[in-house]
Amino acid sequence: METEGSSRKSVIALSHASPDQASVVVAKGYGAVADAIVQRARENGLYVHASPDLVKLLMHVDLDQQIPPQLYLAVAELLAWIYSLENDSTQPEPA
């Protein structure tokens with residue numbers, strides 16, 4: 001997820017590798033570091049979503065830490081969006 005605005009660009013990368021646990025902050029940064037994170041994500045075919053308010057909140061979460069329960073709903077909505085993108089792209093075109 002990324003944000004741009006009057007302040008410098010900031011980015012958060014989340015991993016949801018385990019269905020039994022909350023998402024984990026695996027990378028975050030500002031400016032040039034943020035650009036590098038986004039570039040690496042795109043090179044690896046990962047989705048990048050602009051969500052300035054969520055990024056601001058997640059910047060307070062330490063690296064390798066699970067997201068706090070207060071953000072479960074917001075992150076779940078983001079994961080549902082990604083899930084729908086993945087499923088839509090694999091569905092055959094109607095005839």
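This is a tour of a predicted model, taken one selection at a time.

**The whole chain**

Start with the protein chain coloured by secondary structure. The chain holds 3 helices and 3 strands, and along the sequence these run in the pattern β-β-β-α-α-α. Of its 95 residues, 29% count as buried. Among contacts with a separation of 6 or more, 59% are between residues 24 or more positions apart.

**The largest nonpolar core**

Next select Ile 12, Ala 22, Val 25, Leu 54, Val 55, Leu 58, Met 59, Val 61, Ile 67, Leu 71, Val 75 and Leu 78. These 12 residues form the largest nonpolar core. Helix H2 (52-58) and helix H3 (72-90) each supply at least two residues of this core, and H2 gives the most, with 3 residues.

Stay with one member of the core, Met 59. Leaving aside residues up to four places away in sequence, Met 59 touches Ser 10, Val 11, Ile 12, Lys 28, Gly 29 and Tyr 30. Apart from the largest core lies another core of 6 residues, including Val 11, Ala 13, Ala 34 and Val 38.

**Ser 10 and Lys 28**

Two of the residues touched by Met 59 are worth selecting as a pair: Ser 10 and Lys 28. Ser 10 is found in strand S2, and it counts as buried because its relative accessibility is 6%, where the cut-off is under 20%. Draw a distance between the C-alpha atoms of Ser 10 and Lys 28: the two atoms are separated by 7.4 Å, although the residues are 18 apart along the chain.

**Lys 9**

Step back to Lys 9, in the loop between strand S1 (2-3) and S2. Is Lys 9 buried or exposed? With a relative accessibility of 16%, Lys 9 counts as buried. Show its side chain together with that of Asp 35; a polar contact of 3.2 Å joins the two.

**Ser 23**

Move on to Ser 23, which lies in the loop between S2 and strand S3 (24-30). Ser 23 is buried, at a relative accessible area of 3%. Which side chain makes a polar contact of 3.0 Å with the side chain of Ser 23? The partner is His 16.

Now expand the selection to the residues that Ser 23 touches. Not counting residues up to four places away in sequence, these are Ser 15, His 16, Gln 65, Gln 66, Ile 67, Val 75 and Leu 79. Ile 67 and Val 75 were already selected as members of the largest nonpolar core.

**The largest pocket**

Finish at the largest pocket, with a volume of about 480 Å³. To centre the view, select Ala 13, Leu 14, Leu 46, Tyr 47 and Ile 82, which lie nearest the centre of the pocket among its 22 lining residues. The elements that give two or more residues to this lining are strand S2 (10-15), helix H1 (31-43) and H3. S2 provides the largest share, 5 residues.

Colour the lining by residue class. The lining divides into 14 nonpolar, 6 polar and 2 charged residues. Ala 13, one of the residues nearest the pocket centre, also belongs to the core of 6 residues visited earlier.

Notes. Residues are numbered from 1 along each chain as its sequence is written. This is a predicted model: local features need pLDDT of at least 70, side-chain atom pairs count only at pLDDT 80 or more; totals for chains, interfaces and linings use all residues. Side-chain values use heavy atoms; hydrogens and water are left out. A nonpolar core is a set of buried Ala, Val, Leu, Ile, Met, Phe, Trp, Tyr and Cys residues joined through side-chain atoms within 4.5 Å. Buried means under 20% relative accessible area, exposed over 50%, partly exposed in between (1.4 Å probe, protein chains only). Helices (H or I, at least four residues) and strands (E, at least two) are DSSP runs, numbered from the N terminus. Contact means heavy atoms within 4.5 Å. On a 1 Å grid over the protein atoms alone, a cavity is a set of points where a 1.4 Å probe fits but cannot get out, and a pocket is an open set with protein on both sides within 12 Å along at least five of seven lines; lining residues have an atom within 4 Å of a point. Grid points are joined across faces, edges and corners, and a volume is the space filled by probe spheres set on the points. Ala, Val, Leu, Ile, Met, Phe, Trp, Tyr, Cys and Pro count as nonpolar, Asp, Glu, Lys and Arg as charged, and the others, Gly among them, as polar. A polar contact is a pair of N or O atoms within 3.5 Å; within protein, one must be able to donate a hydrogen and the other to accept it, and residues adjacent in sequence count only if both atoms are side-chain atoms.
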